[in-house]
Structures are given as structure tokens and as C-alpha cells.
Amino acid sequence: MIGLRTFAVAAALVLAGCDAGAPTGTSQVTGVAASDAQFVQQMVLNHREAVVLASAALDPTRAAPLPLQRLAQRIEFQDNLEIGQMSRWLRQWQVPSPVASASPSRPGSNQAWLAAMMNNRRKALAAAAELQRTSQNPQVLDLAAAIERRLRAELKALRSAAQVAAAAHSPGQ
């Protein structure tokens, strides 16, 4: 018969979600690396911020140029798809979905929007590049590589749009 002390220790481990034999740095429930789970949580937050920013560019009262609106639509669509995929992984891994501490502000001008979106994309790009050096999860690696490719293209388009916007607002134009 199990002793009371052994039962208490086992119950404490189960309630804490721990397994004394599990390696550190992994989820005790599913075995997913903590760095992979943290990356996915970070990307969900980053993508949610990008969706809010994209919706600001699509606001009809904003009068954003059509190319900027199209770029915002692509970002919003792709980020929402990836949020869905990453949220499913978090549920499968039994890892909590992240909660944003605050909503990002909605930039007033097109130049401010471009700067905010470029900053968002740079942060995600850095995280995706870092994860590819450390992860061993093929699914997460594939997603990080896809995110990196897409973000490089988006940043190129954002820089081009910023140059066009700056030229349109430069003196003598």
C-alpha cells in the first residue's frame, strides 16, 4: 500500500504539472521545448499587434493609399492564419495562450503606421531567426522559416512604401 507521504508527494507533483524525471526546459505535459512554446506565444502577441495595426490602415476614415491598404490586407490575412495555427498548437501542447498587457496605439499618419508596422515586423523577424538557431521541433522550425521569408518580403514592401511616402511629403514636392 502506498504510504501517505509518497501519495502526498505524487499528488503535489501532479497538481503542479511536474514530472520529476522530465528534463528542464520542456513542457511537463507535452514534452514541447519551453523555447518553442515561448516563441509561439510571442508570435501570437506580435501577430495580434500587427492585425490591430493593419486594421488601422484599413480604416475608411484614414484615407491610406491603395497600395498601403493592400499590404495591410495581406498582413492581416496572413497573420490571422498563423495566429489560428499557433493557437491550435498551444492548445495541443496545453500551454496557455498569451494575453497582451495593452492594445497597441493606432498611429495617426501613414508614416507613423509604416514605422510602427516595420518595428513590429523587425521584432518578429529577429525572434524567428533566433528560434531557427535553437529549435529542434520540425513544425515550429517550418513556421519560423516561413514567417522569416514572409517578413523579409513585407519589410521590403514597407520600406518602399515609406520611401514613397517620404518623397511625397518632402519640401518642393
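**Buried charges and a helix pair**

R121 is buried, at a relative accessible area of 0% (buried is under 20%, exposed over 50% and partly exposed in between, with a 1.4 Å probe and protein chains only). The model is a predicted one, so local features need pLDDT of at least 70 and side-chain atom pairs count only at pLDDT 80 or more, while totals for chains, interfaces and linings use all residues. Numbering runs from 1 along each chain as its sequence is written, and side-chain values use heavy atoms, with hydrogens and water left out.

R121 pairs up with E154 in a salt bridge, at 2.8 Å from N to O (a side-chain nitrogen of Lys or Arg within 4 Å of a carboxyl oxygen of Asp or Glu). R121 belongs to helix α4 and E154 to helix α5, with the two positions 33 residues apart in the chain (helices are DSSP runs of H or I, at least four residues, numbered from the N terminus). E154 is buried too, at 7%. R121 and E154 also sit in a network with D79, E82 and R150, joined by salt bridges that share partners.

Another of these contacts brings the side chains of R150 and D79 together at 2.7 Å, N to O. Since R150 is in α5 (residues 138-168) and D79 is in α3, this bridge ties together parts 71 residues apart in sequence. D79 comes out buried, with a relative accessible area of 0%, and R150 is likewise buried, at 14%.

The structure has eight salt bridges. One of them, D59 with R106, has an N to O distance of 3.8 Å. Here the partners are in loops: D59 between α2 (34-57) and α3, R106 between α3 and α4, 47 residues apart. D59 is partly exposed at 27% relative accessibility, and R106 is partly exposed at 45%.

Now for the packing of α3 against α4. A packed helix pair is described by the angle and the distance between the two axes. For α3 (residues 66-93) and α4 (residues 110-134), the axes come within 13 Å and cross at roughly 30 degrees (axes are lines fitted to C-alpha atoms over the stretch in contact, and angles run from 0 to 180 degrees between N-to-C directions). The two helices are therefore roughly parallel to each other (angles under 35 degrees). On the α3 side, L68, A72, I75 and D79 meet N110, W113, L114, M117 and R121 of α4 (heavy atoms within 4.5 Å). D79 and R121 thus turn up in this helix contact as well as in the salt-bridge network.

How values were computed. Angles under 35 degrees count as roughly parallel, over 145 as roughly antiparallel, 65 to 115 as roughly perpendicular and the rest as oblique.
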